[in-house]
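Thanks for coming. I have one structure to go through today, so let me put it on the screen.

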Amino acid sequence: MRAHRFPGIKAVVQPQKVNPKDVRQRRSENIDGDFFVDHTCIDCDTCRWVASETFARVDGMSVVFKQPNCKEDRLQALQALVSCPTGSIHTEQPPASADLLEAKNSFPIPIDEHKLPGVYHCGFHSLESQGTASYLIIHPQGNILVDTPKYNEGLAHRIEMLGGVRYMVITHNHKDDVADPGKWSKRLNCDRVLHHQDVKASTANVEIKLEGNGPWSLASDVMLIHTPGHTEGAVSLFHKSLKVIFTGDHLIMTKLSGLSILDPFSHSVPKQLKSVEKLLELDFQWIIPAHGRRFEFKDSQEKNSMIGEFLQKKYSQISQT
Ligand SMILES: [Zn+2]
């Protein structure tokens, strides 16, 4: 599969040309030591939020800026290694198998046990979905998997131990670039949910095809909101009790550019901005996107003012073109 570079963050400097046989070699921008990133990084940002003490961005790609020197940082660096969709993170010395196993077994990881109880990051980002982050929501009316990680049997077992999955929500589907949805749904015996306008060959037999404009209810306090624009069938999952919205690629947060709608990959920017307007009516404090960083607003007022400012900026850009 041909990986595209992550479009949400503009490269400040064009990545240097590297001889194809050297792409798996250490980038010179890494600091000396065991961990390093090679030249195949697609700038998806995952390692930089999974292990922010170790990884940073230099010239449009990740690098190790500080070698992990305590147990916690080393575990996070190995969690990043496990989650890197392109397998671009390496160690000079093979990690002890017990350490690697601990990193793998740590997924799914609770995001914040106090503020977002029952929400887990699944790790194991897949290149098939360009590094989408997948989340598990524990819910008394049936657990929900939001998008899919790379298939991993150990992860499937641990998800099962957390009560399994009732619904697998595929937030959107561009060109059949969803990671193993059939394999996961078969293994977890759950219903895949996808808007019919995003159904493609590999998702033709999804169990629940959403029709119309919604919203659709998955539980008493969980609904799917139709947010077309990025794709025609894009949906966002709104969890009212936790005040969190899982936006897929509809609205994301990047470290460099703040809120973004991933314009270069938008099916229709005007339509997407209309869908962003819908978010002003919902009471949430967290955005959890498929790419980029989770973000907590101070309160609903800050949420609306930041989204409002973003919309204003985008509409004025459009009017000038
Ligand atoms: Zn997308």
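**Notes on the model**

I will begin with a loop. Pro215 sits in the loop between strand E11 (208–210) and E12. The peptide bond leading into Pro215 from Gly214 is cis, and its omega is near 0 degrees. Before going further, please keep in mind that this is a predicted model.

There is another cis peptide bond to mark, the one that joins Phe107 and Pro108, with omega about 0 degrees. Pro108 is placed in the loop between helix H3 (97–105) and E5. As background, most peptide bonds are trans.

Back to E12, the strand that follows the loop of Pro215. Which strands make up the open sheet of six, and in what order? The order is E12-E13-E14-E15-E18-E19, and the pairing is mixed. At the edges are strand E12 (216–219) and strand E19 (295–296), each of which pairs on one side only. E12 and E13 run antiparallel and are joined by three bridges. Within that pair, Trp216 has Leu224 in E13 as its bridge partner.

Now the metal. Which protein residues are the donors of the zinc ion? They are His172, His174 and His230, each through NE2, and Asp249 through OD, at 2.1 to 2.2 Å from the ion. Written along the sequence, the spacing of these donor residues is H-x1-H-x55-H-x18-D. His174 belongs to the loop between strand E9 (167–169) and helix H5 (181–188), and His230 to the loop between strand E13 (222–226) and strand E14 (235–239), so this pair ties together parts that are 56 residues apart in sequence.

Why is the arrangement called irregular? Because the angles subtended by the four donor atoms around the zinc ion run from 76 to 160 degrees. A tetrahedral site would need all angles between 85 and 135 degrees. As for His230, its relative accessibility is 2%, so it counts as buried.

Next, the strands E5, E6 and E7. Strand E5 (residues 109–112) and strand E6 (residues 116–121) are antiparallel, with three bridges between them. They form a hairpin with three residues between the strands. Asp112 stands opposite Leu116 in E6. E6 also pairs with strand E7 (residues 135–137), again in the antiparallel sense and over three bridges. There, Val119 has Ile137 in E7 as its bridge partner.

The loop between E6 and E7 holds Gln130. Gln130 has a positive phi of about 55 degrees although it is not a glycine. Is Gln130 buried or exposed? With a relative accessible area of 9%, Gln130 is buried.

Asp43 is also not a glycine and has a positive phi, of about 60 degrees. For context, most residues other than glycine have a negative phi. Asp43 lies in the loop between strand E1 (35–37) and helix H1 (46–50), and with a relative accessible area of 1% it is buried.

On to cavities. How many of 30 Å³ or more does a search of the whole structure find? The search finds three. The largest cavity has a volume of about 100 Å³. Its lining has 15 residues, and those nearest its centre are Cys41, Cys44, Cys47, Ser62 and Cys84. By type, the lining divides into nine nonpolar, four polar and two charged residues.

Last, Lys298, in the loop between E19 and helix H7 (300–320). Its relative accessible area is 65%, so Lys298 is exposed. From Lys298 to Arg26 the C-alpha to C-alpha distance is 40 Å, and the two are 272 residues apart in sequence.

Definitions and conventions. Residues numbered from 1 in each chain as written. Predicted model: local features only at pLDDT ≥ 70, side-chain atom pairs only at ≥ 80, totals over all residues. Heavy atoms only, no water. Donors = N, O, S within 2.8 Å, 3.2 Å for Na, K, Ca; no water. Tetrahedral: all angles 85-135°; square planar, octahedral: opposite > 155°, others 65-115°. Helix = DSSP H or I, 4+ residues; strand = E, 2+ residues; numbered from the N terminus. Buried < 20%, exposed > 50% of the residue type's maximum accessible area, 1.4 Å probe, protein only. Pairing = 2+ DSSP bridges. 1 Å grid on protein atoms, 1.4 Å probe; cavity = no way out; pocket = protein on both sides within 12 Å on 5 of 7 lines; lining within 4 Å. Points joined across faces, edges and corners; volume = space filled by probe spheres on them. Nonpolar A, V, L, I, M, F, W, Y, C, P; charged D, E, K, R; others polar.
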